[in-house]
Amino acid sequence: MKIIDGKIFQTDETWNLSPAILKLLDRRLLNENSNPLYLLKQRIIGNISAVIFRGFKGIEHRYSPSVKMNLVLSDFDMFITSVCYYLRDVFLFARISQSSRKPSDTYYINESHCLRAHTSAHQHRLVQEGLNAFLVIGDVYRRDEVNRTHYPCFHQVEGVRLYSSDQLFNTVPGEELPLIENGIRTFSKQEKHSEDTTKVLEIQLKRTLESLCDALFGSKCEKRWVNAYFPFTHPSYELEVFYKGNWLEVLGCGIMEQQLLESAGVSDRVGWAFGIGLERIAMILYDIPDIRLFWSKDSGFLSQFDGKSPEDRMTYKAISVHPQVIFDMSFFLPSQIEFGDMTANVYDTIRSIGGDLIEQVTLTDEYTNKEGINSQTYRVVYRSHDRALMKEEVNIIHKKIEQKLAETYNIILR
Ligand code: FA5
Ligand code: MG
C-alpha cells in the first residue's frame, strides 16, 4: 500500500516509482511564487485569452469533477491538482494505448494507475464533458533521457480548441460547408476530414502557436515546423526554436483524431490540440541553462524570480556552485532616522565592503519598540564564484560592515 498525492493505492508488481520520483511528487513548482515556471504559467494564461482563443464564442463557467479542478472558461484556464489518473479512462482510444503505456517509459503505481505522462491524458474526458476550448496545466512524469533539457518530472500546458462548421469556415446562417467526409487517409489528412477542413485547421493551429511564440520570444526569434507523429493527432507537428546554436523542440501539436472526438461523443466538430513543455520555454525566455535548476531550493536562484511579474523581461545570472554563508545583522536606528532612509545606505555599505562576495541582501525585519526606537534586521548571503568561503573569513568582513555602518550612520548594533 502506498499513499500518492493523498490517495491510498494498493500496489502490485508493476510498481516502478523510484525514491527520487517520490520526492518530486511533493514539490509543487507551479505553485511556488518565486519559481520561473510559476511566472511562465501566468504569462501563458494571460496570452492565451488574447492570442489563442481570440474570437471564441460560447464561454461558460464549469467545474470538472473528473479531474478535480476548477475550470474558469472565461479565462480558459484550469489547473490540475491530481497527479494520477486511471489508465482505463484514458486509454479508451486504441491508438493511445499502444504508444504511451510502456513500463520502460512510464511510472506505474499499479496495473491500473500510472503517473500522468502527458497532459493529453485528460483530453478525452474533458471533451466528453462538453468543453470546446480549454487548457490543462500540470506536472507530468516520464522515464526519459537524462540531460540538460530532459527531467523525469516536467510541466506541460495542453490546449484544445474545437470548431463547429460555421466557426471554422466563418459561414453565414443557412450556408452549409461540411466538416466531415468519408474519404481516404493520407500522409496529410484523416479519412473523415475534407481537404478544406484540414487546411483551415492547420492554418489556425499554426498561426495560433506562432503568435504565442512571438508574444513570448519576440517576432525575431527563429522557429521552424517539423512533421511529427502523435497517437491522437493527424497530421502532427512539432515546433522548434533556435536556441544557443541548436534547434530545441518546444511543443507538439496536431489535428485531433476524429475517432477520439467521436468516442467522446462529439460528431459535429473538429479540432486541434497542442502540448507545450514549460521548462523548454522558460529556459529560452530566462536564459536558464540547465533543467535541474527549476528544482533548486537555493535562494541564489529563487531570489532572482521572487516578486517579478509575468511580463518582466529578465535574464538569469548563473549562481555559484559553492555554498552560501549566511549572517544576520540587527541594529537600532538613530532617533531622527526613518526606516526607509536607512535601507539604501545599508545596501551600499554592504556592497562596497563585501564586493563580489555578496550574493543577496534582504531586509528581514523592522519594528519600533516601546520607547519609540526603530530597529532593523538584514540577512546577508555571502558566496564566492570560485571557492568555498570559510565562516571565519566571512565573519571578519561582516564585522567590518557593521563597524562602518555604526561609524557612518550612528546605528547601534544589537
Ligand atoms: C507530447 O507529450 C504530446 N502529448 C503533445 C501533444 C499534445 C501533441 C496535443 C499533439 C496534441 P512530447 O512527448 O513531444 O509530446 O512532449 C511535448 C513537449 O514536452 C516537448 O516538445 C518538450 O518541450 C517537452 N518535453 C518532453 N519530454 C521532456 C522532458 N523529459 N523534460 C522536459 N521537457 C520535456
Ligand atoms: Mg516530442
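In this predicted model, the lining of the second largest pocket divides into five nonpolar, eight polar and six charged residues. The volume of this second largest pocket is about 500 Å³. Its lining numbers 19 residues, and those closest to the centre are Ser303, Arg351, Ile358, Glu359 and Gln360. Helices α10 and α11 (339-354) and strand β16 each supply at least two residues of this lining, with β16 giving the most, five residues.

Strand β16 also belongs to a sheet. Four strands form an open arrangement in the order β16-β17-β15-β18, and the pairing is antiparallel. At the edges sit β16 (358-368) and β18 (412-413), each of which pairs on one side only. Further in, β15 (residues 325-332) and β17 run antiparallel and are joined by eight bridges. A handy place to pick up this register is valine 325, whose bridge partner in β17 is tyrosine 382.

The largest pocket comes next, with a volume of about 870 Å³. It is lined by 38 residues, of which Arg142, Phe154, Gln156, Phe230 and Glu249 are the closest to its centre. Many elements take part: α4 (94-100), β10 (153-163), β11 (223-230), β12, β13, β14 (270-277) and α9 each supply at least two lining residues. The largest share, eight residues, comes from β13. By class, the lining of the largest pocket has 16 nonpolar, 14 polar and eight charged residues.

One of the residues closest to the centre of the largest pocket, Glu249, reappears at the metal site. The magnesium ion (ligand 2) has Glu238 (OE) and Glu249 (OE) as its protein donors, at 2.3 to 2.5 Å. The two glutamates link distant parts of the chain, since glutamate 238 is in strand β12 (residues 233-243) and glutamate 249, eleven residues away, is in strand β13 (residues 246-256). How do the two donors compare in exposure, buried or partly exposed? Glutamate 238 has a relative accessible area of 17% and is therefore buried, the limit being under 20%. Glutamate 249, at 33%, is partly exposed.

Enclosed space is a separate matter from the open pockets. Two cavities of 30 Å³ or more are found, and the largest has a volume of about 40 Å³. Its lining consists of Leu212, Cys213, Leu216, Leu239, Val250, Leu251, Ile276 and Ile281. The elements giving two or more residues to this lining are α7 and β13, and α7 provides the largest share, three residues. The lining of the largest cavity holds eight nonpolar residues, with no polar and no charged ones. Strand β13 thus enters the picture in several places: in the lining of the largest cavity, in that of the largest pocket, and at the metal site through glutamate 249.

Charged side chains offer another way to read the fold. Side chains of opposite charge can pair when their charged atoms come close. Over the whole structure, 18 salt bridges are found. In one of them, aspartate 139 meets arginine 116 at 2.8 Å, N to O. Aspartate 139 lies in strand β9 (residues 133-141), while arginine 116 is in the loop between β8 (113-115) and α5 (123-128), so this pair ties together parts that are 23 residues apart in sequence. Aspartate 139 is buried at 8% relative accessibility, and arginine 116 is buried at 0%. Arg116 and Asp139 are also linked with Arg28 in a network of salt bridges.

A second example stays within one helix. Lysine 206 and glutamate 202 form a salt bridge of 3.1 Å, N to O. Because these residues are four apart in helix α7 (residues 195-217), about one helical turn separates them. Lysine 206 and glutamate 202 are both buried.

A third salt bridge spans a longer stretch of sequence, with aspartate 298 and arginine 383 meeting at 2.8 Å, N to O. Aspartate 298 is in the loop between α9 (278-286) and α10 (299-302), and arginine 383 is in the loop between β17 (374-382) and α12 (391-409), so the pair ties together parts that are 85 residues apart in sequence. At 4% relative accessibility, arginine 383 is buried.

Terms used
Residues are numbered from 1 along each chain as its sequence is written. Chains are lettered from A and ligands numbered from 1 in the order in which they are written. This is a predicted model: local features need pLDDT of at least 70, side-chain atom pairs count only at pLDDT 80 or more; totals for chains, interfaces and linings use all residues. Side-chain values use heavy atoms; hydrogens and water are left out. Donors are N, O and S atoms within 2.8 Å of the metal (3.2 Å for Na, K and Ca); water is not among the atoms, so sites may look incomplete. Buried means under 20% relative accessible area, exposed over 50%, partly exposed in between (1.4 Å probe, protein chains only). A salt bridge is a side-chain nitrogen of Lys or Arg within 4 Å of a carboxyl oxygen of Asp or Glu. On a 1 Å grid over the protein atoms alone, a cavity is a set of points where a 1.4 Å probe fits but cannot get out, and a pocket is an open set with protein on both sides within 12 Å along at least five of seven lines; lining residues have an atom within 4 Å of a point. Grid points are joined across faces, edges and corners, and a volume is the space filled by probe spheres set on the points. Ala, Val, Leu, Ile, Met, Phe, Trp, Tyr, Cys and Pro count as nonpolar, Asp, Glu, Lys and Arg as charged, and the others, Gly among them, as polar. Two strands pair if DSSP finds at least two bridges between them.
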